[in-house]
Amino acid sequence: MGASSKKKSLSRSTSKPDHGPAQTLKADPRLLDAEQFLLPTYKRQPVVMTHGRGAYVFDSTGKKYLDFLGGIAVNALGHAHPRVVKVVRREAARAIHLSNLFHNAYQGPLARKLAGWSGMNRVFFSNSGTEAIDGAMKLARLFGRKPEEARGTPAKKYRFLALENSFHGRTFGAISVTATEKYRLPFTPVVPGAEFVRFNDVADLEAKFDDTVCGILLETVQGEGGIYPVSEVFWNHARSLATQHDALLIADEIQCGLGRTGRFFAYQKFSSEPDIVLIAKPLAAGLPLGAILTTEDVAARVSPGMHGTTFGGGPLACAVALEFLNIVEEEKLLENIRMRGEELRDGLAKLAAKFAFIREIRSEGLMIGVELSIEGAPFVSEAMRHGLLINCTHDFTLRLLPPFIITRAQVREFLRLFEVVLAATQQQASAPDTGKSADSKRVAHAAAR
């Protein structure tokens, strides 16, 4: 397609009536640049988002959206939080990057704070969640190697267990333990040694866990998979088997951690702790920062040069992250998360009684899945037309990830808009294909009920 034909195509796509996602009379040149020069890895809406304030974002036409997507669980404090803005301005004028060959003023205090929140002892800062996954896999292989095993020889403990329906990221290590085939299969062969356990199926876990396993990765609450929590029985068995076989229990809290479920970490509802905890998304309030939290026993296997990163843990990101944790504590946001989460669940239950295509509401705190019996994508588009941002995961689950600062009035605003969206879309939405039904996905998670 030539540049002129692309421009005509975009012009047609952006000249819909005013009730749609905010449209422009002629193509925004920034959209044309994006279509021509960006790698086509995302299906983006034809709008340019320009700024945000609190729980709202605005596009280039000035249209306002209530943000219940939150940058996919990143913008936990909403947009332009004044305390975050103040820290960014202050630290940008001091030092954005110094390298990990030197200490900076914020890595140590942030690590101390995270250790206190999590019960872990040591921290490694990464750039992203998927990088943290890869680092944790390296630690598991390192921990599993016995002193008598020579370096450079194949490890005897090399296998990883993960759960069906899992999503751990997009690097080679992370997609190797990601069960969802659309993410993994295009890139096979991936890192060898990964096997998937049926979700919350203790018998399957026991059958696949042996002395060759070095680590088991669990999303405490599956996010991309449709908001499914790991059961306490399954968690306890995983903890027991990991201890028995001298393997590591790795909690992926990249989406569900740091307050999202109404606790500092989702695994804190269980009586036992993991060996490694992985975090990212909201940690630095929108700046890229992830972390591996682990025990002293695991950390003792690490020596200088074994792992590293150029950008992870820079002074600007760590200063913002420390401020984020302080805000969560000082503004008592965990309490707000629990209260607003209950209000949302109650309101959604009332809507489920009105709309038969709502199959189930699953939630922990402000991590909510609305499972439908029909395709979810049309609801996402209709929501955007009405000034509401949500998304759909696994085809049939509408995922809601509002900011921790959401108010009671904004919960009511969401429920009002969402009811309008449900009513407007139900006639348009088509039934799922035979081989792609929501029922088949529910069967896979029956043990969670």
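Hi everyone. A cavity, as I use the word today, is a set of grid points where a 1.4 Å probe fits but cannot get out. The model we are looking at is predicted, so please keep that in mind as we go round.

With that in hand, let's start inside. The structure holds 2 cavities of 30 Å³ or more, and I'd like to show you the second largest one. It has about 40 Å³ of space. Which residues sit closest to its centre? They are Ser99, Asn104, Gly313, Gly314 and Pro315, out of 13 residues in the lining. By class, that lining has 4 nonpolar and 9 polar residues, and no charged ones.

Now from a closed space to an open one. The second largest pocket holds about 1,400 Å³. Its lining is made of 35 residues, and those nearest the centre are Phe124, Leu139, Val302, Ser303 and His307. Which element gives the most to this lining? That would be α6, with 5 residues. If you want to find the walls on screen, look at α5 (107–118), β4 (122–126), α6 (129–144) and β12 (290–294), each of which supplies at least two lining residues. Here the classes come out as 15 nonpolar, 14 polar and 6 charged.

Next, the strands. There is an open sheet of 4 strands, in the order β1-β2-β3-β15, and its pairing is mixed. At the edges are β1 (49–53) and β15 (388–389), each pairing on one side only. Further in, β2 (residues 56–59) and β3 (residues 64–67) run antiparallel and are joined by 3 bridges. Have a look at Lys64 in β3, which has Phe58 standing opposite. The charged end of Lys64 sits over the ring of Tyr56, 4.2 Å from the ring centre.

A second charge-over-ring contact takes us to another strand. The charged end of Arg362 lies over the ring of Tyr228, and the distance to the ring centre is 3.8 Å. The strand to look at here is β13, residues 358–364. Is β13 largely enclosed or largely open? It is largely enclosed by the rest of the structure, because 5 of its 7 residues are buried. β13 runs antiparallel to β14 (residues 367–372), with 6 bridges between the two. At the end of that pairing we can pick out Glu364, whose bridge partner in β14 is Met367. Together β13 and β14 make a hairpin with 2 residues between the strands, and Gly365 in the turn has a positive phi of about 60 degrees.That glycine leads me to the backbone. Two residues have a positive phi although neither is a glycine: Ala73, at about 75 degrees, and Asp246, at about 55 degrees. Ala73 belongs to helix α3 (residues 70–73), while Asp246 is in the loop between α10 (232–244) and β10 (248–252). How do they stand with respect to solvent accessibility? Ala73 is buried, because its relative accessible area is 2%. Asp246 counts as partly exposed, because its relative accessibility is 31%.

One more backbone item before the rings. Thr188 and Pro189 are joined by a cis peptide bond, with omega at about 0 degrees. You'll find Pro189 in the loop between α8 (181–184) and β6 (194–197).

And so to the aromatics. How many aromatic pairs does the structure hold? There are 11. The one I picked for you is Phe414 with Phe418, a stacked pair with 5.1 Å from centre to centre and 20 degrees between the planes. Both residues belong to helix α15 (residues 408–425), where they are 4 residues apart, or about one turn of the helix. Phe414 has a relative accessibility of 0%, so it counts as buried. Phe418 is buried too, again because its relative accessible area is 0%.

Last stop: a cluster of rings. Trp235, Phe265, Tyr267 and Phe270 are linked into it by ring pairs. Thanks for listening, everyone!

Definitions and conventions: Residues are numbered from 1 along each chain as its sequence is written. This is a predicted model: local features need pLDDT of at least 70, side-chain atom pairs count only at pLDDT 80 or more; totals for chains, interfaces and linings use all residues. Side-chain values use heavy atoms; hydrogens and water are left out. Rings of Phe, Tyr and Trp (its six-membered ring) pair if their centres lie within 6.5 Å; planes under 30 degrees apart count as stacked, over 60 as edge-to-face and the rest as tilted. Buried means under 20% relative accessible area, exposed over 50%, partly exposed in between (1.4 Å probe, protein chains only). A charge sits over a ring if NZ of Lys or CZ of Arg is within 6 Å of the ring centre and within 35 degrees of the ring normal. Two strands pair if DSSP finds at least two bridges between them. On a 1 Å grid over the protein atoms alone, a cavity is a set of points where a 1.4 Å probe fits but cannot get out, and a pocket is an open set with protein on both sides within 12 Å along at least five of seven lines; lining residues have an atom within 4 Å of a point. Grid points are joined across faces, edges and corners, and a volume is the space filled by probe spheres set on the points. Ala, Val, Leu, Ile, Met, Phe, Trp, Tyr, Cys and Pro count as nonpolar, Asp, Glu, Lys and Arg as charged, and the others, Gly among them, as polar.
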